[in-house]
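Hi everyone, thanks for coming. Please have a look at the structure on the screen, and then we'll walk through it together.

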There are 2 protein chains.
Amino acid sequence: MATTIAVFDSGFGGLTVLRELLPLVPGAQYLYLGDSARLPYGSKSQATIARYAVESARFLVARGAQHLVIACNTASALAMPEIKQAVDVPVTGVIEPVVSAAHQSHPSAQVLVLATSATVHSHAYRLHCAARNLNATEKACPLLVPLVEEGWIDHPVTRDVLRIYLREALAVCAPKAVLLGCTHYPLIAPAIESGLRDLGCHADIIDSAKATATAVARSVAQRSPPSDARPAAFQCFATDSVEKFERLGSQFLGRPVGQVQLVDLGG
Amino acid sequence: MATTIAVFDSGFGGLTVLRELLPLVPGAQYLYLGDSARLPYGSKSQATIARYAVESARFLVARGAQHLVIACNTASALAMPEIKQAVDVPVTGVIEPVVSAAHQSHPSAQVLVLATSATVHSHAYRLHCAARNLNATEKACPLLVPLVEEGWIDHPVTRDVLRIYLREALAVCAPKAVLLGCTHYPLIAPAIESGLRDLGCHADIIDSAKATATAVARSVAQRSPPSDARPAAFQCFATDSVEKFERLGSQFLGRPVGQVQLVDLGG
């Protein structure tokens, strides 16, 4: 019996985490839920975000999830205790794995976190980094998500915008590692890396999708028998905007997302 | 007794309409509501958008609104019948005035509408234009709102992005008028104009904020006695993100927005 791993995000950005998971735990069954009707979570209150995340987590467990991945920075920052209390399966967020990976490769170092305004505003990365003795500078990059969603992945405007953000960030810190604190950013990791190099920064880039997938694979291996040889199967659910999900989701997943099923989680 | 005019938008973009109204109807009292907790409306279903807009309209009428301005393209496109049925004060949307202005200055012409993806997807401008015998090309410009919200108003990246969007649009049409179909765009009207000129296009720019304010001033003048000489007063309400509203709203309004009052319209 294959393990069922469920990945949750407010939109389709978390598909970058699913993309990394598929080869790491190839025999698993996957569920993915994008709560697209209620995004963006970033502008909502903590109580509202926790309610949405708990509803989403319960939906996925009711569908058979045995491991839950919160591939949403806002929910990982603000609702992990509520989610863990609401379900009785292991839960992995997206912040702890990337901070842990930075700590392992660069203990006590200065790190730069690139993230959305909402994530920076929560200071979740700074707090997690401080707990590991990492000194984090958080840089809000509000244009990067719209640029990725516009499909301008390898594009001169995206490179110009990155140069502006990275120059501002490097004016106030000299990082050993750059943490990608948004599930959209792995798609432009090569542009981020060359932007850093052009500005004379040779920091490692630590990708939250890869780090989270590695942590989940480890957790699954501890709890489940080795997966069988069948190829991974996945089913995607969204609470709205199925058309946009299907159109953009495939870019994030690196393969077709298939037919996305619309679900109603209420108001 | 001064007339009370209420302006409603899903966010603070509609403040560009209020900005144009203040000098046109100087003696009025103004209310402004940004339903920021539930934005963006663009990804929601028609039924949900109509429910949100009706709740917002009723809130404003309960606060004394005698004229209601729907300064939100999505609500203007999808919920005008429901709003007009729900309240017994005159209601002016943002689409009809700008299309009417284009029709008056350029009858039967080809026009270009710049708007968000959601507005383009609704084809509300194309339908309103067709009803006036205008042939509209609708161009989605999804990066312009994030660029304006980042404050990159007079900025090389914004000019580059505009050049790309305008070149794509002008490859398929030769407009006599360019309609700004988003309440954020008046802030970058000079950049849009110079972008058009650089590409050899000398179309008139028709600003939805100015056109809507003119239509509202005409409606108010027909129904109300001339306003007294007291300066206009306004009070802003938002359903969330008061901090962002106060920070960015002043740019849209062209003066301080004052203290924004948080209100709860429900889930």
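What rotation superposes chain B on chain A? A rotation of 180°, with 0.0 Å of shift along its axis, does it, at an RMSD of 0.0 Å; the fit is by least squares on the C-alpha atoms of residues with pLDDT of at least 70 in both copies. The two copies are thus related as by a two-fold rotation axis.

A quick word on the source: this is a predicted model, where local features need pLDDT of at least 70, side-chain atom pairs count only at pLDDT 80 or more, and totals for chains, interfaces and linings use all residues. Residues are numbered from 1 along each chain as its sequence is written, while chains are lettered from A and ligands numbered from 1 in the order in which they are written.

Now let's visit helix 10 of chain B, residues 189-198. Helices here are DSSP runs of H or I with at least four residues, strands are runs of E with at least two, and both are numbered from the N terminus. Which residues of helix 10 of chain B are buried? They are Ala191(B), Ile192(B), Gly195(B) and Leu196(B). Buried means 20 or more other C-beta atoms within 10 Å of a residue's own, exposed means 12 or fewer, and partly exposed is in between, with C-beta atoms placed from the backbone. On the other side of this helix, Pro190(B) and Arg197(B) are exposed. Just after helix 10 of chain B comes Gly200(B), with a positive phi of about 80°.

Finally, the sheet: strand 9 of chain B, residues 233-238, runs parallel to strand 10 of chain B, and 2 bridges join them. Ala238(B) has Leu262(B) as its bridge partner.

Definitions and conventions
Two strands pair if DSSP finds at least two bridges between them.
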